[in-house]
Amino acid sequence: EEHLVESGGGSVQPGGSLRLSCAASGFTFSSNSMGWFRQAPGKEREGVASIYTRDGSTYYADYADSVKGRFTISPDNLKNTVYLQMNSLKPEDTAMYYCAAGSGLARWWRAYEFNYWGQGTQVTVSS
């Protein structure tokens, strides 16, 4: 059975950094996409970043304009984990962050392409 477990959320001041982790288990496909999404209170879920890997190589890493240059998505294939390094955090980054996985090519702006979702980890950016 497939599972995604996020960790690493917390509270941080504006300008600070956090690294989110998403540990995947039970997945057997050789090519897959991982994505990070977030949802703030009263707002719709939005895509943040996604990455596509095949046979251990990374082919695509894409970012929403709102996080480009500040966030980095990266996989650790040995640990079956994907990270989201978040730097220069802003109050508007405050949200519940969700990890998602999909077989084949899936991109953050097409959330329907992701089949599996984690439970989320809270990120709060406040002074």
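Strand E1 covers residues 3-7 and has two faces. Leu4 and Glu6 lie on the covered face. His3, Val5 and Ser7 lie on the uncovered one. The model is predicted. E1 has a partner, strand E3, which spans residues 18-25. The two strands run antiparallel, and 5 bridges join them. One end of this pairing can be named: His3 has Ser25 as its bridge partner in E3.

Now step back to the whole protein. It has 0 helices and 11 strands. Read along the sequence, the pattern is β-β-β-β-β-β-β-β-β-β-β. The radius of gyration is 14 Å, close to the 14 Å that the globule rule gives for 127 residues, so the protein is as compact as a globular protein of that length. The C-alpha trace spans about 45 × 25 × 25 Å along its principal axes. Buried residues make up 43% of the 127 residues. Contacts also reach across the sequence. Among those with a separation of 6 or more, 57% are between residues 24 or more positions apart. The accessible surface comes to about 6,700 Å², and carbon and sulfur atoms account for 45% of that.

Tyr97 gives a view of the interior. This residue is found in strand E9, which runs over residues 95-103. Tyr97 has 0% relative accessibility, so it counts as buried, the cut-off being under 20%. Leaving out residues up to four places away in sequence, Tyr97 touches a long list of others, including Trp36, Phe37, Val48, Phe71, Leu84 and Met86. Glu6, from the covered face of E1, is also one of the residues that Tyr97 touches. So is Arg38, which returns below. Gly69 makes a contrast in position: Tyr97 and Gly69 are 28 residues apart in sequence, and their C-alpha atoms are 18 Å apart in space.

Next come the charged pairs. Side chains of opposite charge can pair when their charged atoms come close. The count here is 6 salt bridges. One of them joins the side chains of Arg38 and Asp93, at 2.9 Å from N to O. This pair links distant parts of the chain. Arg38 sits in strand E4, residues 31-39, while Asp93 sits in the loop between E8 and E9. The two are 55 residues apart.

Are the two partners buried or exposed? Arg38 has 5% relative accessibility and counts as buried. Asp93, at 0%, counts as buried too.

Asp93 has a further partner. Arg70 forms a salt bridge with Asp93, with the closest N and O atoms 2.8 Å apart. This pair also links distant parts of the chain. Arg70 lies in the loop between E6 and E7, and Asp93 lies 23 residues away in the loop between E8 and E9. Arg70 is buried, and so is Asp93. Which residues belong to the network built from salt bridges that share partners? Arg38, Glu46, Arg70 and Asp93 are joined into one.

Another salt bridge has an exposed member. Lys68 pairs with Asp65, and their closest N and O atoms are 3.2 Å apart. Asp65 has 66% relative accessibility, which is over the 50% cut-off, so it counts as exposed.

The surface also has a nonpolar patch. Tyr59, Tyr60 and Leu105 form it, with about 290 Å² of accessible area together. Tyr59 is found in strand E6, residues 57-63. At 42% relative accessibility, Tyr59 counts as partly exposed.

Arg54 belongs to strand E5, residues 46-54. With 36% relative accessibility, Arg54 counts as partly exposed. Arg54 and Gln122 are 68 residues apart in sequence and 30 Å apart in space, C-alpha to C-alpha.

Finally, look at the backbone in two loops. Asn80 is not a glycine, yet it has a positive phi of about 50°. Asn80 is found in the loop between strand E7 (71-76) and strand E8 (81-86). This residue is partly exposed, with a relative accessible area of 47%. Ser88 has a positive phi of about 50° and is not a glycine either. Ser88 is found in the loop between E8 and E9. With a relative accessible area of 41%, Ser88 is partly exposed.

Methods:
Residues numbered from 1 in each chain as written. Predicted model: local features only at pLDDT ≥ 70, side-chain atom pairs only at ≥ 80, totals over all residues. Heavy atoms only, no water. Helix = DSSP H or I, 4+ residues; strand = E, 2+ residues; numbered from the N terminus. Buried < 20%, exposed > 50% of the residue type's maximum accessible area, 1.4 Å probe, protein only. Patch = residues over 30% accessible without salt bridge, like charges linked within 9 Å, V, L, I, M, F, W, Y side chains within 5 Å. Areas by Shrake-Rupley, 256 points an atom, 1.4 Å probe, with all protein chains shown as cover. Salt bridge = Lys/Arg side-chain N within 4 Å of Asp/Glu carboxyl O. Rg over C-alpha atoms; globule rule 2.2 N^0.38 Å. Contact = heavy atoms within 4.5 Å. Pairing = 2+ DSSP bridges.
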